[in-house]
Amino acid sequence: MWVQGEAENHGTTFSNNTSVIGGHLEGNCMNVYISESKNLRNWDGVSPLQPELTLIPKLVVNSAGLSAPALAKRFIGLDNVFIPPAYYARGCYFSLANTKVAPFKHLIYPIPEDGGLGVHVTLDLDGQIKFGPDVEWIDGIDDTLSFLNRFDYSVNANRAERFYPEIRKYYPDLRDGSLQPSYAGIRPKLSGPRQSPIDFVIQGDDTHGVPGLVNLFGIESPGLTSSMAIAEYVAAKFLR
Ligand SMILES: Cc1cc2nc3c(=O)[nH]c(=O)nc-3n(C[C@H](O)[C@H](O)[C@H](O)COP(=O)(O)OP(=O)(O)OC[C@H]3O[C@@H](n4cnc5c(N)ncnc54)[C@H](O)[C@@H]3O)c2cc1C
């Protein structure tokens with residue numbers, strides 16, 4: 001909240017329930033088409049979306065997370081060869097049920113696994129322990145589903161079976177039946193299963209040649225921790 005307050009004090013306007021639905025390059029500026037998000041709810045994915053507003057900012061930063069590659073494809077004037085293929089990996093967390101005394105006082109990170117950091121231990125601010133996230137590659141997401149953020153964030157309770165042996169490598173006292181589904185997140189990845197990991201892509205006109213547009217692709221963990229540094233880098237390099 002303090003970041004939002006700080007930004008507003010410096011003239012930022014936040015617009016909730018508002019979607020960027022596309023754009024086109026005109027002169028040296030990317031014109032972005034804006035619509036109320038509720039207009040996308042029943043969209044068939046085919047018919048043209050009508051903007052309610054067109055903005056002409058000095059700099060557009062496409063930081064749409066999971067939707068960033070699909071949104072970039074809707075910018076007329078940006079060559080698709082610069083938009084990397086998108087992969088998605090769900091990460092589920094399980095928490096410890098019926099635990100009166102937390103068995104850990106600090107975070108525990110095992111050796112990373114393919115696609116993620118491994119099932120590690122996190123302590124919430126209220127002391128609640130959770131294990132995760134695992135890595136579950138998601139197939140069948142096309143550009144429309146990605147653009148509309150139609151992802152399944154449910155936690156399949158059966159995945160707990162894979163957690164027990166992983167957690168017992170560093171917590172052998174874990175009791176059967178003590179894990180309960182918590183929540184899931186989805187990673188916006190630029191490499192698929194068994195491929196080498198790809199770093200964040202921060203892509204400006206020096207790469208794609210479109211003035212006034214920066215794309216942020218593959219901002220998975222630790223993207224939150226890095227967010228201020230990414231913002232400073234983008235502003236210093238591309239805001240002229
Ligand atoms: C399971 C899991 C655990 C993680 N743990 C950590 C961690 O411990 N530490 C850490 O640093 N990072 C962690 N991350 C990564 C972190 O969550 C991301 O790196 C970070 O959220 C990326 O920020 P972002 O702004 O690029 O994207 P997002 O946070 O995804 O934000 C994108 C925003 O764009 C909006 N949007 C999408 N499309 C449009 C559109 N067309 N128009 C307007 N708005 C749009 C979305 O609604 C959303 O609000 C974790 C991620 C996962 C999945």
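**A guided tour, beginning at the ligand**

Select the ligand together with β1, β10 and α6 (223-238): each of these elements supplies at least two residues of the shell around the ligand. Please bear in mind throughout that the model is predicted.

Next, display the whole shell, which consists of 20 residues; V20, I219, G223, L224 and T225 come nearest to the ligand. Colouring the shell by residue class will show 9 nonpolar, 9 polar and 2 charged residues.

Three of the residues that come nearest deserve individual selection. Begin with I219, where a backbone N or O atom lies 2.8 Å from an oxygen atom of the ligand. Proceed to G223, which has a polar backbone atom 3.2 Å from an oxygen atom of the ligand. Then select T225 and show its side chain: an N or O atom there is 2.6 Å from an oxygen atom of the ligand. With these contacts in view, consider the ligand surface: the ligand taken alone exposes 1000 Å², of which the protein buries 61%.

From the ligand, follow β1 into its sheet. This is an open sheet of 4 strands, arranged in the order β3-β2-β1-β5, and its pairing is mixed. Select β3 (53-55) and β5 (75-76) to see the edges; each has a single partner strand, so one side of each is left without a neighbour in the sheet. Now select β1 (residues 18-26) with β5: the two strands pair in the parallel sense over 2 bridges. Within this pair, H24 stands opposite I76 of β5.

The next stop is strand β6 (residues 87-96), in which R90 lies. Is R90 buried or exposed? R90 is buried, since its relative accessible area is 8%, and the cut-off for a buried residue is under 20%. To see what surrounds this arginine, display its contacts beyond four places in sequence: R90 touches D134, V135, E136, I138, D152, S154, A184, G185, I186 and R187.

For the final stop, move to the loop between β10 (179-189) and β11 (201-203), and select S191. This serine is likewise a buried residue, with a relative accessible area of 6%. Which residues is S191 in contact with, leaving aside its neighbours within four places in sequence? They are Y87, W137, S196, P197 and I198. Among them, S196 merits a closer view: its backbone oxygen lies 3.3 Å from a polar atom of the S191 side chain.

How values were computed. Residues numbered from 1 in each chain as written. Predicted model: local features only at pLDDT ≥ 70, side-chain atom pairs only at ≥ 80, totals over all residues. Heavy atoms only, no water. Pairing = 2+ DSSP bridges. Buried < 20%, exposed > 50% of the residue type's maximum accessible area, 1.4 Å probe, protein only. Contact = heavy atoms within 4.5 Å. Polar contact = N/O pair within 3.5 Å; in protein donor to acceptor, adjacent residues only side chain to side chain. Near = heavy atom within 4 Å. Areas by Shrake-Rupley, 256 points an atom, 1.4 Å probe, with all protein chains shown as cover. Nonpolar A, V, L, I, M, F, W, Y, C, P; charged D, E, K, R; others polar.
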